[in-house]
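Biologist: Please take me slowly through a single part of this model, and explain each term as you reach it.

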Amino acid sequence: MTLRGTWAELVRTKDVDDVIHQNDDDPTAEDHHSRLSKRLSSWDLMGFGIGIVIGTGIFTLTGGQAKDNAGPAIMVSFLIAGFVAVLAAICYAELASAVPTAGSSYTYAYTTIGEIFAWIIAWDLILEFALGAAVVARGWSGYLQHALGLPHAYFGEEDSVVNLGAVAIVAVIGTIAAIGIRESKLVTNALVIVKVSVCVFVIAVGVFFVKVANMKPYVPHSEKGPDVNGLKQPLWQWISGADPTAYGVTGVFIAAAVVFFAYSGFEAVANLGEETKDPGKDMARGLLGTLVICTTLYVLVCFVLTGMVKYTDLSTGAPISDAFSQVGLDWAGVLIDIAAIAGLTSVILVDIVAMGRIGFALCRDGLLPSQVGAIHPKFRTPARITVVTSVAVGLLAAFIPLNTLAEMVSIGTLFAFLVVAVAVIVLRRTRPKMKRPFRAPQVPLLPIVTAVSCVALMTNLAIETWLRFLMWLALGLLVYVFYGRRHSHLARDGKNARDSAKV
């Protein structure tokens with residue numbers, strides 16, 4: 001085959017109409033991929049979105065980034081990260097309402113820029129959700145250890161042998177995700193109510209202990225930061241040759257890149273398009289509603305936190321509960337611990353649900369073995385792929401300390417957002433008359449700003465994070481070359497067409 005022919009194979013695309021109607025099959029059909037049940041409303045989507053967004057970020061990242069990089073301006077860092085997330089959500093909303101399907105940005109890439117890029121995105125999303133779930137599972141186990149005084153070797157990070165707490169929570173949550181979307185919805189919504197209520201409690205009570213003096217200077221003066229060189233320095237610093245700094249405007253943007261982790265995962269809502277009652281309206285409401293609510297809570301919690309305690313005195317492990325202890329409200333720490341456990345539980349649940357839907361989409365397209373993505377005849381979920389991914393997450397969480405890899409969640413998310421922004425522009429040109437229940441404004445300007453913003457935040461991540469990300473993508477390319485490229489349905493259809501032409 002010629003080089004041109006090979007490239008044509010790699011960038012072959014799915015027809016948008018085929019994607020839109022691929023879930024219209026007979027629900028009684030005896031095949032591997034029958035219909036996913038449409039049971040979700042916009043409120044349910046917001047429940048899933050808030051369930052995955054509010055968690056590790058607000059309960060742990062606020063203290064460390066305020067103390068080390070942004071000071072009281074951590075509020076601005078969250079606003080910057082939230083602004084980029086909202087831009088991406090607007091792009092997601094257009095595609096998710098027009099092409100409601102499991103797989104989200106993977107499927108969008110498949111219909112616009114080609115199969116090889118779609119595979120890369122799916123591989124990237126698997127990394128994002130699997131790593132995120134494993135990190136959070138270990139964090140959940142740590143909170144449980146702190147609350148009940150359990151052995152560090154089996155529930156903590158220090159001197160850990162095997163993290164049994166992380167394995168246990170992944171096993172329970174994976175079972176719930178496999179049993180059904182309705183059960184996942186009920187559990188997620190219940191946990192969301194708990195942690196949102198405690199966030200409101202933190203704001204309502206903490207505001208009475210805010211001291212303006214603690215928030216001065218609002219943006220601490222820039223100063224020489226830790227001497228971070230080599231692979232640990234941000235990419236932009238390596239490119240520019242600038243000296244490492246802390247605080248100031250630079251510190252605010254570095255903190256924004258790190259706390260973007262707090263917004264990662266909201267795109268999991270787009271994976272539920274096939275299970276949404278009215279995706280034309282509900283997807284946009286679910287995506288944008290999630291980010292508006294979460295950003296508001298984040299900024300208000302940061303305001304209270306940095307107002308209650310001087311940023312230099314904040315805890316980096318449990319900043320919110322420690323802040324209440326410092327002002328004499330130890331009893332409030334119990335409620336905050338409950339919220340943290342609830343918050344982390346719901347994050348794990350939505351991560352695993354999202355991985356199951358991405359795996360289902362890959363199997364349906366033939367890029368992975370179709371039997372793995374079979375819909376369970378009773379539960380109406382991709383139970384098999386959900387179990388497989390849950391086992392993988394459990395193994396990661398059991399044996400590997402993943403704190404050093406947390407930035408990979410952010411880089412994976414930002415890369416997916418970048419592709420979605422490009423997909424909006426491409427589809428507007430290639431399918432201008434396609435029905436779009438929700439239309440992103442100012443196209444192509446808004447998607448271009450989204451893409452540039454994502455790249456800007458990505459350059460604030462460490463070089464070693466970029467290298468790990470590229471190594472993971474390289475592994476994914478090997479899987480595609482030796483399996484997906486030959487077994488995808490588009491490849492099969494192309495072969496059948498060539499065989500027919502020969503006859």
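Modeller: What follows is a close look at one cavity and then at a pocket that shares a helix with it. The model is predicted, so local features need pLDDT of at least 70 and side-chain atom pairs count only at pLDDT 80 or more, while totals for chains, interfaces and linings use all residues. Residues are numbered from 1 along each chain as its sequence is written, and side-chain values use heavy atoms, leaving out hydrogens and water.

A cavity is a set of points on a 1 Å grid, over the protein atoms alone, where a 1.4 Å probe fits but cannot get out. There are two cavities of 30 Å³ or more, and the second largest has a volume (the space filled by probe spheres set on the points, which are joined across faces, edges and corners) of about 40 Å³. Its lining, meaning residues with an atom within 4 Å of a point, consists of Phe59, Tyr143, Ala318, Ile320, Ser321, Ile336, Asp337 and Ala340. Helices H14 (319–326) and H15 (330–364) each give two or more of these residues, and H15 gives the most, with three; helices here are DSSP runs (H or I, at least four residues), numbered from the N terminus. By class, six lining residues are nonpolar (Ala, Val, Leu, Ile, Met, Phe, Trp, Tyr, Cys or Pro), one is charged (Asp, Glu, Lys or Arg) and one is polar (any other).

H15 also gives two or more residues to the lining of the second largest pocket, as do H7, H16 (383–399) and H19 (463–487). A pocket is an open set with protein on both sides within 12 Å along at least five of seven lines, and this one holds about 400 Å³ of space. Of its 22 lining residues, Ile126, Leu127, Ala130, Ala392 and Trp472 are the closest to its centre, and the lining has 20 nonpolar, two polar and no charged residues.
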